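The following exercises concern cysteine pairing, backbone angles and overall fold. Each task is followed by a worked solution.

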Amino acid sequence: MKKGAIVLCGGKSRRMGQDKATLPFGPELMLQRVVRIVSLVVDPAAVVVVAAQDQLLPELPATVIVTRDERPDRGPLEGLAAGLRAMPDFVDAIYATSCDVPLLIPDFVREMFRRLGHHDIAVPWDGRYCHPLASVYRPKVLAVVESLLASDRLRPMFLFEEVCTVKVPVEDLRGFDPTLSTLLNLNQPEDYQAALAIAGLAK
């Protein structure tokens, strides 16, 4: 399986109060850290960063592909579509994440690829909610994503209902990520400070 990754970083970060992609996290900025970690699992030449139209990005490896959301404020499906369009043709499966998960664990990502099997999507599921930005997608789902966007059906659940999707119980993933830190998005300043403390980087 040839693996790629999409990192979405074009959100408004309203609750954080500043661009999460450029928040310091140890010697790196948040986006740089997430790109580095996913590149441990996927082909570094198949990492696509999806930014907002006017967003300034930190320095990234030369192999990283940068693309932009075509339409703002349309949620993760819009970013997923942009990332899938820019993904190199040799890729068989893509892990999608946001840039605000600096505690993500490579073994979690590897297990999600393994769980994909013959399905089109593998998505972590906690019994109530799915986690579309910790999921693995086949490139061919792009056509369905574009159809949903054209119909203003913007919820990722619509995509999971349309294609062959396996829901992976999050409890099954604790053997690879005991605290499920890969699923911890940093939405508010206190989340950011807590993550720094967990990583031993708090000042």
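**Exercise 1.** Determine why Cys130 forms no bond with the closest cysteine sulfur.

*Solution.* A disulfide is a pair of cysteine sulfur atoms within 2.5 Å. The closest cysteine sulfur to that of Cys130 belongs to Cys164 and lies 14 Å away, which is too far for a bond. As to its surroundings, Cys130 has a relative accessible area of 14% and is therefore buried; buried means under 20% relative accessible area, exposed over 50%, and partly exposed in between (1.4 Å probe, protein chains only).

This is a predicted model, in which local features need pLDDT of at least 70 and side-chain atom pairs count only at pLDDT 80 or more, while totals for chains, interfaces and linings use all residues. Residues are numbered from 1 along each chain as its sequence is written, and side-chain values use heavy atoms, with hydrogens and water left out.

**Exercise 2.** State how many disulfides the structure holds, and examine Cys99.

*Solution.* The number of disulfides is zero. Cys99 is in no disulfide, and its nearest cysteine sulfur, that of Cys9, is 5.2 Å away. The relative accessibility of Cys99 is 5%, so Cys99 counts as buried.

**Exercise 3.** Locate Asp73 and Asp152 in the chain and describe the phi angle of each.

*Solution.* Begin with Asp73, which occupies the loop between strand S5 (65-68) and helix H2 (76-86). Helices (H or I, at least four residues) and strands (E, at least two) are DSSP runs, numbered from the N terminus. Phi of Asp73 is positive, near 60°, in a residue other than glycine. With a relative accessibility of 58%, Asp73 counts as exposed.

Turn next to Asp152, in the loop between helix H4 (142-150) and helix H5 (156-162). Its phi is also positive, at about 60°, although Asp152 is not a glycine.

**Exercise 4.** Characterise the overall fold: which elements does the protein have, and why is it described as compact?

*Solution.* The protein has six helices and nine strands. Its radius of gyration is 16 Å, close to the 17 Å that the globule rule gives for 203 residues, so the protein is as compact as a globular protein of that length. The radius is taken over C-alpha atoms, and the rule is 2.2 Å times the number of residues to the power 0.38. Along the principal axes, the C-alpha trace spans about 45 × 40 × 30 Å. Of the 203 residues, 50% are buried. Finally, consider contacts (heavy atoms within 4.5 Å): among those between residues at least 6 apart in sequence, 69% join residues at least 24 apart.
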